[in-house]
Amino acid sequence: MVELRTDRLLLRKARQDDLGGFHTLLSDARAMTFWYCPPHQDVAVTQAWLDDMIGIDPGSGEDFAVEFGEALIGKVGMRRFPTIGFIFHPDVWGRGLASEAVRSVIDRAFREHGLPLIKADVDPRNDPLLRLLNRLGFVETGRAEETGLIGGKWCDSVFLHLKAEMWNGG
Ligand SMILES: CC(C)(COP(=O)(O)OP(=O)(O)OC[C@H]1O[C@@H](n2cnc3c(N)ncnc32)[C@H](O)[C@@H]1OP(=O)(O)O)[C@@H](O)C(=O)NCCC(=O)NCCS
């Protein structure tokens, strides 16, 4: 798996020694507010999630661990092409780091993988995420109610996509 470098970040393959860093992130209630599952209370849940990430078939997806300095701050990629998913630790929000990482993955998806479009499935209450995607050129394609049952509560979805021909580098 390739490594991607941006001005401030290294995007690389996930490793088993990322378990502690990912558990810190995925057990954080702020980061997990709109994630597809509740915060990980047990490190075994994170271990299974990490095993999935490390074991992705390169023909069907690509998901990067993101380092800022020496620290693991999040992940961005597509567990299955062409739907993008990312999560970053709240300590680094509001600095453009997530956008920088997402931009690099989108660029690779269009230039190297030749995807015709990238999709996103977003909780409509997730304003920071919708702002980020809108800034990068994603457009809404539809909405649906009660698409996920998370922690005993139903969540809705906004569906967005970005077509390759609309990508101008973000
Ligand atoms: C969604 C998420 C990644 C957004 O993180 P973020 O740090 O707000 O996103 P960005 O990297 O785009 O940063 C943008 C903010 O940084 C500010 N900023 C500061 N310096 C900046 C810079 N150099 N470049 C760009 N933006 C900068 C922007 O003004 C913007 O602030 P605003 O949103 O208040 O307008 C983050 O909230 C998150 O990880 N959430 C939890 C996981 C999640 O919900 N994932 C979605 C499922 S796919």
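1. Let's start with the sheet built from five strands: this open sheet runs in the order β1-β2-β3-β4-β5, and its pairing is antiparallel. β1 (4-5) and β5 sit at the edges, each pairing on one side only. Please keep in mind as you read on that this is a predicted model.

2. At the β1 end, β1 pairs with strand β2 (residues 9-12) in the antiparallel sense, over two bridges. If you would like a pair to look for on screen, leucine 4 has leucine 11 in β2 as its bridge partner.

3. Next, a helix on this sheet. Helix α1 (residues 19-26) lies across β3 (62-68), β4 (71-78) and β5. Relative to β4, helix α1 runs at about 80°.

4. Glycine 74 is a good residue to click on, and you will find it in strand β4. Is glycine 74 buried or exposed? Its relative accessible area is 0%, so glycine 74 is buried. Leaving out residues up to four places away in sequence, glycine 74 touches Phe22, Leu25, Phe64, Ala65, Val66, Ile87 and Phe88. For a sense of distance, the C-alpha atoms of glycine 74 and glutamine 16 are separated by 15 Å, with the two residues 58 apart along the chain.

5. Histidine 89 deserves a look too. This residue belongs to the loop between β5 (85-88) and α3 (97-111). Histidine 89 counts as buried because its relative accessibility is 15%, and the cut-off for buried is under 20%. Which residues does histidine 89 contact, apart from its neighbours within four places in sequence? They are Thr24, Leu25, Asp28, Arg30 and Ile73. Leu25 also appears among the contacts of glycine 74.

6. Now to the ligand. There are 20 residues around the ligand, and Phe86, Gly94, Ser99, Asn126 and Arg135 come nearest. Two backbone approaches are worth checking: a backbone N or O atom of phenylalanine 86 is 2.8 Å from a ligand nitrogen atom, and a backbone N or O atom of arginine 95 is 3.4 Å from a ligand oxygen atom. Serine 99 takes part through its side chain, where an N or O atom is 2.3 Å from an oxygen atom of the ligand. Taken alone, the ligand exposes 960 Å², and the protein buries 71% of that.

7. There is also an open sheet of three strands, in the order β6-β8-β7, again with antiparallel pairing. Its edge strands are β6 (117-122) and β7 (139-150), each of which pairs on one side only. On average, neighbouring strands of this sheet are turned by 25° against each other, direction ignored.

8. Within that sheet, β6 and strand β8 (residues 153-163) pair over six bridges in the antiparallel sense. Leucine 117 stands opposite lysine 163 in β8, while isoleucine 118 has leucine 162 in β8 as its bridge partner. Helix α3 lies across β6 and β8, and runs at about 140° to β6.

9. Finally, the other side of β8. β7 and β8 run antiparallel and are joined by eight bridges; here glutamate 140 stands opposite leucine 160 in β8. How many residues lie between the strands in the hairpin of β7 and β8? There are two, and in this hairpin glycine 151 takes a positive phi near 60°.

Conventions:
Residues numbered from 1 in each chain as written. Predicted model: local features only at pLDDT ≥ 70, side-chain atom pairs only at ≥ 80, totals over all residues. Heavy atoms only, no water. Helix = DSSP H or I, 4+ residues; strand = E, 2+ residues; numbered from the N terminus. Buried < 20%, exposed > 50% of the residue type's maximum accessible area, 1.4 Å probe, protein only. Contact = heavy atoms within 4.5 Å. Pairing = 2+ DSSP bridges. Axes fitted to C-alpha atoms, helices over the stretch in contact; angles between N-to-C directions. Near = heavy atom within 4 Å. Polar contact = N/O pair within 3.5 Å; in protein donor to acceptor, adjacent residues only side chain to side chain. Areas by Shrake-Rupley, 256 points an atom, 1.4 Å probe, with all protein chains shown as cover.
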